[in-house]
Amino acid sequence: MSLEEYKGVFIFAQQVDNELSNIALELLGKAKDLAADLDEKKVTAVLLGENVENLADKLAEYGADRVIVVDDPELKDYRTEPYTHALAEVIKEYKPEILLVGATAIGRDLGPRVSSRVHTGLTADCTQLEIGDFPLTPMPGQEQKHKQLLMTRPAFGGNTIATIACPNFRPQMATVRPGVMQKIAPNKGAKAEVVKFNPGFTKNNCYTEILKIVKETTNVANIADAKILVSGGRGVGSPENFKILEDLAEVLHGTVSCSRAVVDNGWKPKELQVGQTGQTVRPHVYFAIGISGAIQHVAGMEESDIIIAINKDENAPIFDVADYGVVGDLNKIVPELTKQIKEALAAKTEA
Ligand code: FAD
């Protein structure tokens with residue numbers, strides 16, 4: 001493999017039912033930074049599906065300079081084999097230096113298969129990506145390579161943070177969880193170069209047949225998109241006591257979320273869990289109420305704009321990441337806070 005032949009930063013632009021997933025736009029935001037650090041002019045999005053070319057404009061608005069479209073009936077709904085084939089053939093033809101994939105259900109299936117097919121490495125569930133030297137500091141007897149993709153992720157159950165590189169193979173592949181990277185502000189009317197690519201599909205016995213698609217229906221709030229999250233931990237004490245958090249969320253037009261201890265206790269569904277094995281969130285305001293601030297929890301919320309912690313233990317680690325902290329009993333503080341916000345809002349309406 002001649003590494004020099006591989007150029008440019010690519011992202012897999014996930015779409016479902018001809019609608020781009022947010023992760024595609026988030027990856028474009030990061031890809032632009034990486035491309036700038038590599039002095040690369042172009043960011044490329046790879047769009048697979050059937051009748052999806054119309055999505056190229058939105059990708060352009062969010063930073064794609066070029067969109068490679070593979071449009072084929074075989075790609076109508078996600079299936080492992082045709083998608084793996086299409087993305088692997090795009091890599092063989094266009095030789096990207098870096099390829100980013102969302103750590104969604106689709107990306108977690110697709111990314112590793114593609115990396116194996118093109119014989120390169122993949123770092124899963126990255127929380128940080130940057131360009132730098134590898135090894136990070138010079139080591140005797142080992143060549144230090146420059147301008148490598150440094151992929152950082154929690155390791156050993158979140159007890160340490162590992163920075164991983166792929167210096168000898170290309171592309172350098174990473175999956176990134178939704179909510180970790182930031183989209184750029186859209187550049188309305190931007191256009192990308194659209195390139196159509198046909199890898200040819202030959203059905204084999206790995207092509208599954210989709211008999212029926214059953215859409216998940218849930219009444220649970222989507223915490224990843226919430227602007228205000230009122231998050232409760234084991235300190236809330238019981239599922240019934242979450243009522244005081246719901247009241248606070250209601251006056252703030254926010255959403256209730258929780259720590260893993262709460263899910264493990266069966267107090268709230270898994271969809272509301274924030275953290276390493278839950279969702280990554282980035283609201284404007286994050287209330288951490290009765291949450292100790294374990295590293296696995298903090299990994300999912302530390303990028304929130306403002307963090308407000310309420311905890312009776314002044315030494316709780318959550319205060320290390322909080323912008324504002326209140327030490328005391330949540331059973332007294334939360335209802336009082338709700339009451340005062342209600343009064344302030346009522347006074348504002350009257351004025
Ligand atoms: P606790 O740690 O028990 O903290 C409760 C807090 O409430 C304490 O700080 C206490 O002082 C405070 N408190 C108690 N009563 C009151 C009161 N009346 N008023 C005010 N404060 C009070 N955790 C996650 O959250 N998300 C994850 O995704 C996640 N993934 C994990 C992955 C792995 C591999 C592992 C090993 C662990 C993971 N965890 C995760 C678990 C994590 O390590 C912690 O165990 C968990 O976050 C603790 O939840 P908690 O803060 O609600 O509970």
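Trainee: Which residue has its backbone oxygen 2.6 Å from a polar atom of the side chain of Thr84?
Mentor: Good place to start, and bear in mind that this is a predicted model. Thr84 lies in helix α3, which covers residues 80-94. A polar atom of the Thr84 side chain sits 2.6 Å from a backbone oxygen, and that oxygen belongs to Thr80.

Trainee: Is Thr84 buried or exposed?
Mentor: The cut-off to apply is under 20% relative accessible area for a buried residue. Thr84 has a relative accessibility of 1%, so this residue counts as buried.

Trainee: Which residue offers the backbone oxygen that the side chain of His85 reaches?
Mentor: His85 is also part of helix α3. With a relative accessibility of 17%, His85 is under the 20% limit and therefore counts as buried. Its side chain reaches a backbone oxygen at 2.6 Å, that of Gly200.

Trainee: How many ångströms separate the C-alpha atoms of Phe197 and Glu89?
Mentor: Phe197 lies in the loop between β12 (193-196) and β13. At 14% relative accessibility, Phe197 counts as buried. Along the chain, Phe197 and Glu89 are 108 residues apart, yet the separation of their C-alpha atoms is 9.3 Å.

Trainee: Let's move on to β13. How many of the residues of strand β13 are buried?
Mentor: Take the faces in turn: Ile228, Val230 and Gly232 are buried on one side. Leu229 and Ser231 are buried on the other. For strand β13, residues 228-232, the count of buried residues is 5 of 5.

Trainee: Which residue of β15 is the bridge partner of Gly232?
Mentor: Strands β13 and β15 (residues 285-289) run parallel and are joined by 5 bridges. One of the pairings puts Ser231 with Ala288. In β15, the partner of Gly232 is Ile289.

Trainee: And in β14, which residue is the bridge partner of Ser231?
Mentor: β13 also runs parallel to strand β14 (residues 255-258), with 4 bridges between them. The two strands and helix α5 (residues 242-252) make a right-handed β-α-β unit. On the β14 side, Ser231 has as its bridge partner Ser257.

Trainee: In β16, which residue is the bridge partner of Val285?
Mentor: β15 is mostly covered, with 5 of its 5 residues buried. Val285, Phe287 and Ile289 point one way from this strand, while Tyr286 and Ala288 point the other way. β15 pairs in the parallel sense with strand β16 (residues 306-311) over 5 bridges. There, Val285 is partnered by Ile306.

Trainee: Now the ligand. What percentage of the area that the ligand exposes when taken alone is buried by the protein?
Mentor: Start from the polar contacts: one oxygen atom of the ligand is 2.9 Å from a polar backbone atom of Arg260, and a backbone N or O atom of Gly290 lies 3.0 Å from a ligand oxygen. The side chain of His297 has an N or O atom 2.8 Å from an oxygen atom of the ligand. Of the 990 Å² that the ligand exposes when taken alone, the protein buries 77%.

Trainee: Which elements give two or more residues to the shell around the ligand?
Mentor: Three helices meet that condition. They are α6 (260-264), α7 (295-298) and α9 (330-350).

Trainee: How many residues of that shell around the ligand are polar?
Mentor: The ligand is surrounded by 26 residues, with Arg234, Ser259, Thr277, Ser292 and Gln296 the closest. In that shell, 5 residues are nonpolar and 5 are charged. The number of polar residues is 16.

Trainee: Some backbone checks, please. What is the omega of the peptide bond from Arg170 to Pro171?
Mentor: Pro171 lies in the loop between β10 (160-164) and β11 (172-176). The bond from Arg170 to Pro171 is cis, with omega near -5 degrees.

Trainee: Which proline follows Phe134 across a cis peptide bond?
Mentor: The place to look is the loop between β8 (128-134) and β9 (145-155). With omega near -5 degrees, the bond from Phe134 is cis and leads to Pro135.

Trainee: Is Asn51 buried or exposed?
Mentor: Asn51 sits in the loop between β4 (43-49) and α2 (56-61). Its phi is positive, near 55 degrees, in a residue other than glycine. The relative accessible area is 56%, over the 50% cut-off, so Asn51 is exposed.

Technical notes
Residues are numbered from 1 along each chain as its sequence is written. This is a predicted model: local features need pLDDT of at least 70, side-chain atom pairs count only at pLDDT 80 or more; totals for chains, interfaces and linings use all residues. Side-chain values use heavy atoms; hydrogens and water are left out. A residue is near a molecule or strand if one of its heavy atoms lies within 4 Å of it. A polar contact is a pair of N or O atoms within 3.5 Å; within protein, one must be able to donate a hydrogen and the other to accept it, and residues adjacent in sequence count only if both atoms are side-chain atoms. Accessible areas come from the Shrake-Rupley method with a 1.4 Å probe; for residues, only the protein chains shown count as cover. Ala, Val, Leu, Ile, Met, Phe, Trp, Tyr, Cys and Pro count as nonpolar, Asp, Glu, Lys and Arg as charged, and the others, Gly among them, as polar. Buried means under 20% relative accessible area, exposed over 50%, partly exposed in between (1.4 Å probe, protein chains only). Two strands pair if DSSP finds at least two bridges between them. A crossover is right-handed if, with the strands pointing away from the viewer, the path from the first strand over the helix to the second runs clockwise.
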